[in-house]
Amino acid sequence: MTRLLVTGGAGFIGANFVHHTLTTRPEFEICVLDALTYAGNRDNLKAVAGDIRFVEGDICDTELVDRLVADADLVVHLAAESHVDNSLRDPGPFVRSNVMGTYVLLEAVRRHDRRFHHISTDEVFGDLPLDSEEKFTEASPYNPSSPYSATKASSDMLVRAWVRSFGVAATLSNCANNYGPYQHAEKFIPRQVTNVLTGRLPKLYGTGRNVREWTHVEDHNEAVHLILEKGGIGETYLIGSGCEMSNKAIVKILLDLMGKPVDRYEEILDRPGHDLRYANDSSKLRTRLGWQPRHRSLRSGLAATIDWYRENPWWWASRKDAVESAYDARGG
């Protein structure tokens, strides 16, 4: 058995990573470390609770992290504060978790000589022009625009420095926007889906022209496993499906799939510093490691995601009103 420590394993991508690993790689023995802040949810792991070890704790807890890393063969680091709107309201938790937490993990990995994979975001690169075919590459300069992306950029730099200065066996990945089951209702796609399911209007920042590249979470997590198995130490890999679409187009597809008029949405005041476009050149991952996304049709992936939220109101409904109240308090 390979002993795997997953930080943030009760969050959206982390929980899906745990499910995916148990399904595709039964040789892994999994321990999840999660602080169960608002974005972490034990219900995300309810179906596999008997197959994993779960530890509720903080990645800034040096003694706890040291014990868990000592008991692991490899660490996949997903724990992070991750919502731009929340970082604009209160940056402090983002600095603590994303920067200090990564530092604590790196030091434990260094002490115990463990393999480490750091999961980051393409938002560290800033944004791209809307009328361009340009894409981010592994060599793109960092240009973060929010406290969230700035702290993720900081954590990336720490990992790279620990590889170069201390010989830590680490890899990094920067992913495009993920979607799929277990994503918090505050996020763009599940917010629109659950708005429709609860009789609310979908909400678009500004005119909705901002473009994102959307990758199904299962495809993202398979890419991470390929990096763990074949990736070069110290290397960074960009993960992206190639499916780019404006926020407005996404809302219209969701409305159409849910049997609603495609113009039945509300435009709200735009987010401060709202990045225009993200797009990743994932050719390094595809050519060197052989990764290909299985969910190549965004429309069919969105249809499956809608079905999941429609079939699992027990998971999101009790928190929906609080999410919308928080948005209302911020004017959106």
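Helix 7, which runs over residues 217-230 of this predicted model, comprises 14 residues and reaches 20 Å from its first C-alpha to its last, close to the 20 Å expected at 1.5 Å a residue. Because 10 of those 14 residues are buried, helix 7 is largely enclosed by the rest of the structure. The buried set takes in Val217 at the start of the helix, then Asp219, His220 and Asn221, and further along the run from Ala223 through Val224, His225, Leu226 and Ile227 to Leu228.

This helix belongs to a chain whose secondary structure comes to 11 helices and 12 strands. For 332 residues, a compact globule would have a radius of gyration near 20 Å, and the 19 Å of the chain agrees with that expectation. Among contacts between residues at least 6 apart in sequence, 81% join residues at least 24 apart.

The table gathers values for the whole chain.

| Property of the chain | Value |
|---|---|
| Span of the C-alpha trace along its principal axes | about 55 × 45 × 40 Å |
| Residues that count as buried | 57% of 332 residues |
| Accessible surface | about 13500 Å² |
| Share of accessible surface belonging to carbon and sulfur atoms | 49% |

As for charge, the chain carries 39 positive and 45 negative side chains, and the centres of these two sets lie 1 Å apart.

How values were computed
Residues numbered from 1 in each chain as written. Predicted model: local features only at pLDDT ≥ 70, side-chain atom pairs only at ≥ 80, totals over all residues. Heavy atoms only, no water. Helix = DSSP H or I, 4+ residues; strand = E, 2+ residues; numbered from the N terminus. Expected span 1.5 Å × (residues − 1). Buried < 20%, exposed > 50% of the residue type's maximum accessible area, 1.4 Å probe, protein only. Rg over C-alpha atoms; globule rule 2.2 N^0.38 Å. Contact = heavy atoms within 4.5 Å. Areas by Shrake-Rupley, 256 points an atom, 1.4 Å probe, with all protein chains shown as cover. Lys, Arg positive; Asp, Glu negative; His and termini not counted. Charge placed at Lys NZ, Arg CZ, Asp CG, Glu CD.
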